[in-house]
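Let's take a walk through the charged side chains of this model and see who pairs with whom. Keep the structure open as you read.

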Amino acid sequence: MQIIERSRVFDGHYKVNQLIVQDGEHRLRREQFAPGKAVAALVYDTDRQVYVLTRQFRIGPEAEILEIAAGMIDKGEAPETAVRREIHEELGYEIDKLEEIVCIWPSPGTSSEEITVYYAEVSQRPGAGGGLAEENENIEMVELSWDELVAEPLRDAKTVIAVQWVRLRR
């Protein structure tokens with residue numbers, strides 16, 4: 001298969017492209033959700049020995065979701081810079097140790113979104129967290145012990161991946 005044409009058909013908060021794909025003798029028209037690149041991190045407070053996650057309303061499932069801190073990478077920004085910014089904005093922490101887990105396409109059949117998932121250890125919380133008012137974020141911080149975290153019925157893919165990564169290393 002080969003992409004022979006690409007056009008932007010929606011350019012709002014999110015982006016949607018239309019692709020014309022050549023598949024042998026057939027030309028297929030496909031829509032592609034194109035939100036950009038993102039970062040996410042499972043945050044562990046080493047002093048208090050708790051994992052710090054977020055709970056916020058998400059448009060996709062139309063519900064409040066428990067998930068790891070996450071956000072979009074700004075144009076020209078390195079993923080490591082973005083994850084540090086997002087953890088500070090959402091949770092108020094500064095990172096002591098950062099380790100990349102994996103870079104994934106969470107839904108490659110329909111989306112070009114790419115998420116770099118990290119594990120972050122923290123001990124200093126100079127900020128308030130909760131997200132940015134100018135971005136209309138209303139983020140609840142949720143602290144969980146390891147036992148509480150693994151007992152949660154997680155449904156967010158990046159969060160499941162990060163928790164499984166830690167589980168394999170415990």
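Glu89 is a good place to begin: with a relative accessible area of 14%, this residue is buried, since the cut-off for that label is under 20%. Please keep in mind that you are looking at a predicted model. What does Glu89 form with Arg85? The two make a salt bridge, and their closest N and O atoms are 3.8 Å apart. Both residues sit in helix H1, which covers residues 79-91. They are 4 residues apart there, about one turn of the helix. The pair is also part of a wider arrangement: through salt bridges with shared partners, Asp74, Glu77, Arg85, Glu86 and Glu89 are joined into one network.

Now let's move from the helix to the strands. Lys37 and Glu114 bring their side chains together in a salt bridge, at 3.6 Å from N to O. This contact links distant parts of the chain, as the two residues are 77 residues apart. Lys37 belongs to strand E4 (residues 37-45), while Glu114 belongs to strand E9 (residues 114-124). Lys37 itself is partly exposed, its relative accessible area being 49%.

A further pair awaits you at Asp11 and Arg8. Here the closest N and O atoms of the salt bridge are 3.9 Å apart, which still counts because the limit is within 4 Å. Asp11 is exposed, at 55% relative accessible area, whereas Arg8 is partly exposed, at 44%.

How many salt bridges does the structure hold? There are 13, and the pairs we visited are among them.

Conventions: Residues numbered from 1 in each chain as written. Predicted model: local features only at pLDDT ≥ 70, side-chain atom pairs only at ≥ 80, totals over all residues. Heavy atoms only, no water. Buried < 20%, exposed > 50% of the residue type's maximum accessible area, 1.4 Å probe, protein only.
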